[in-house]
Amino acid sequence: QVQLVESGGGLVQAGGSLRLSCAASGRAASSYNMAWFRQAPGKEREFVAAVSWTGTITGYADSVKGRFTISRDNAKNTVYLQMNNLKPEDTAVYYCNSGVNLVSRDAGAHWGQGTQVTVPS
């Protein structure tokens, strides 16, 4: 069982930056591929970015490519999402996920509680 706790969300003006963190604990937490998903009001949850358990392979949704960077520190069991040049359409609840399939981008079994990111238009 893996427990995930997100932090770092907030309100930021368009063009600004935020860094989200996801602290993982539990059995073999650092051996999972990890991902961020997001869900905007009235929309389905969507893939944002993923990183392999080694940290050497990353993948991004087209909508965030070039603006967001995912990384991890296995010594701290923490995954990060650096978000730059934020846009109003990035407004959503962001969820951390463990066990994601890097090819299909299907989510794994474990989710955090989510952290709200708001970018006013």
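**Close-up views of a predicted model**

**View 1. The hairpin of S7 and S8.** In this predicted model, S7 and S8 form a hairpin with four residues between them. Asn77 sits in the turn and has a positive phi of about 50°. The pairing of S7 with strand S8 (residues 78-83) is antiparallel and runs over six bridges. Two of the facing positions can be located by residue: Asp73 stands opposite Thr78 in S8, and Arg72 is opposite Val79 in S8.

**View 2. The two faces of S7.** In a regular strand the side chains alternate between the two faces of the sheet. Along S7, Phe68, Ile70 and Arg72 point to one face and are buried. Thr69, Ser71 and Asp73 point to the other face and are not buried. Of the residues paired with S8 in the previous view, Arg72 therefore belongs to the buried set, while Asp73 does not.

**View 3. The open sheet containing the hairpin.** Four strands make up an open sheet with the order S1-S3-S8-S7 and antiparallel pairing. Strand S1 (2-7) and strand S7 (68-73) are the edge strands, each pairing on one side only. From one strand to the next, the twist averages 15°.

**View 4. The disulfide of Cys22 and Cys96.** How many disulfides does a search of the whole structure find? The search finds one. This disulfide joins Cys22 to Cys96, with an S to S distance of 2.0 Å. Cys22 lies in strand S3 (residues 18-26) and Cys96 in strand S9 (residues 92-98), so that the pair, 74 residues apart, links distant parts of the chain. The angle about the S-S bond is -80°, and the link of Cys22 and Cys96 is left-handed. Both Cys22 and Cys96 are buried.

**View 5. The salt bridge of Arg38 and Glu46.** A search of the whole structure finds four salt bridges. One of them is formed by the side chains of Arg38 and Glu46, at 2.7 Å from N to O. Are the partners buried or exposed? Arg38 is buried, with a relative accessible area of 6%, whereas Glu46 is partly exposed, with a relative accessible area of 36%.

**View 6. The salt bridge of Asp90 and Arg67, and the network.** Asp90 forms a salt bridge with Arg67, and the closest N and O atoms are 2.8 Å apart. Asp90 lies in the loop between S8 and S9, and Arg67 in the loop between strand S6 (58-60) and S7, so the pair ties together parts that are 23 residues apart in sequence. Both Asp90 and Arg67 are buried. Which residues are linked in a network of salt bridges? The network contains Arg38, Glu46, Arg67 and Asp90, and thus takes in the pair of Arg38 and Glu46 shown in the previous view.

**View 7. The salt bridge of Lys65 and Asp62.** The side chains of Lys65 and Asp62 meet in a salt bridge, at 3.2 Å from N to O. Asp62 has a relative accessibility of 68% and counts as exposed because this value is over 50%.

Definitions and conventions: Residues are numbered from 1 along each chain as its sequence is written. This is a predicted model: local features need pLDDT of at least 70, side-chain atom pairs count only at pLDDT 80 or more; totals for chains, interfaces and linings use all residues. Side-chain values use heavy atoms; hydrogens and water are left out. Two strands pair if DSSP finds at least two bridges between them. Axes are lines fitted to C-alpha atoms, for helices over the stretch in contact, and angles run from 0 to 180 degrees between N-to-C directions. A disulfide is a pair of cysteine sulfur atoms within 2.5 Å. Buried means under 20% relative accessible area, exposed over 50%, partly exposed in between (1.4 Å probe, protein chains only).
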